[in-house]
Amino acid sequence: MAVYFIRNSRTCSVKIGKSDNPRQRLSDLQTGNEDPLEIILELPGAEMVEQQLHAYFDGSRIRGEWFKETPELLETMTNLRVASEVYRKYGDAGHGTYAWLSAADSIRDGDKWLKLWLMASGIYTIRGKHA
């Protein structure tokens, strides 16, 4: 299961959803939409991750799973992209902790969703224990 962010290039709105096959989901959405759509981010995650994102960005919700492309949403997507790429590259350091994320405690408060995603995805650990 993956959480995806699909962007409507004309309206600059972003759909935050989940799917086993985000590419197929994009194709399905594109069939009923005259505007070009593109996947801008895919993350490992399940329904809980998607629900947390929806709740976090509720103030920017347009309708359903579509959200305004705000500076906060863009910054969060950038941070999630970096964390996801690092995780895909390094994964578990093999010691029950994710050493590459040792600086996670220094993530500023504005990026608390990053920590939520990392915890919900089972990636973020504290002192060798999953948070």
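**Reading the labels on this model**

Trainee: What makes Arg23 count as exposed?

Mentor: Arg23 has a relative accessibility of 53%, and the label "exposed" needs over 50%, so Arg23 counts as exposed. Keep in mind that we're looking at a predicted model.

Trainee: Arg23 forms a salt bridge with Glu42. How do you know that it deserves that name?

Mentor: Their closest N and O atoms are 3.2 Å apart. The cut-off is 4 Å, so the pair counts as a salt bridge. Arg23 sits in helix H1 and Glu42 in strand E3, 19 residues apart, so this pair links distant parts of the chain.

Trainee: And why is Glu42 called partly exposed?

Mentor: Glu42 comes out at 23% relative accessibility. Buried means under 20% and exposed means over 50%, so Glu42 lands in between and counts as partly exposed.

Trainee: How many salt bridges turn up in the whole structure?

Mentor: Seven. One of them joins Asp35 and Arg10, with the closest N and O atoms 2.8 Å apart. Asp35 is in the loop between H1 and E3, and Arg10 is in the loop between E1 and E2.

Trainee: What about those two, Asp35 and Arg10: buried or exposed?

Mentor: One of each! Asp35 has 8% relative accessibility, so it counts as buried, while Arg10 has 57%, so Arg10 counts as exposed.

Trainee: What makes Lys15 and Glu65 a salt bridge?

Mentor: Their side chains meet at 2.3 Å, N to O, and that is within 4 Å, so the name fits. Lys15 lies in strand E2 and Glu65 in the loop between strands E4 and E5, 50 residues apart. Lys15 is at 4% relative accessibility and therefore counts as buried, whereas Glu65 is partly exposed at 25%.

Trainee: Let's try helix H2. Which residues there are buried?

Mentor: Val49, Glu50, Leu53 and His54.

Trainee: How do you know that they sit on the same side of H2?

Mentor: They cover an arc of only 135° around the axis, which puts them on the same side of H2. There's a general idea worth knowing here: an α-helix has 3.6 residues a turn, so residues three or four places apart point the same way.

Trainee: Why is His54 called buried?

Mentor: His54 is at 11% relative accessibility, and buried means under 20%, so His54 qualifies. Leaving aside neighbours within four places in sequence, His54 is in contact with Ile16, Arg61, Glu65 and Phe67.

Trainee: Which residues touch the most other members of the largest nonpolar core?

Mentor: Phe5, Ile16 and Leu73, out of 13 residues in that core. Helix H3 gives the largest share, three residues. Phe5 has contacts beyond its neighbours within four places, including Val14, Leu53, Leu73 and Met77.

Trainee: Why are the rings of Tyr56 and Phe57 called edge-to-face?

Mentor: First, their centres are 4.9 Å apart, and pairing needs them within 6.5 Å, so they do pair. Next, their planes stand at 90°; over 60 degrees counts as edge-to-face, so that is the label. The structure holds one aromatic pair, this one.

Trainee: How exposed are these two residues, Tyr56 and Phe57?

Mentor: Tyr56 is partly exposed, with a relative accessible area of 23%. Phe57 is at 2% relative accessibility, so Phe57 counts as buried. Across the protein chain, buried residues make up 37% of the 131 residues.

Conventions. Residues are numbered from 1 along each chain as its sequence is written. This is a predicted model: local features need pLDDT of at least 70, side-chain atom pairs count only at pLDDT 80 or more; totals for chains, interfaces and linings use all residues. Side-chain values use heavy atoms; hydrogens and water are left out. Buried means under 20% relative accessible area, exposed over 50%, partly exposed in between (1.4 Å probe, protein chains only). Contact means heavy atoms within 4.5 Å. A nonpolar core is a set of buried Ala, Val, Leu, Ile, Met, Phe, Trp, Tyr and Cys residues joined through side-chain atoms within 4.5 Å. Helices (H or I, at least four residues) and strands (E, at least two) are DSSP runs, numbered from the N terminus. The arc is that of the directions from the helix axis to the C-beta atoms. Rings of Phe, Tyr and Trp (its six-membered ring) pair if their centres lie within 6.5 Å; planes under 30 degrees apart count as stacked, over 60 as edge-to-face and the rest as tilted.
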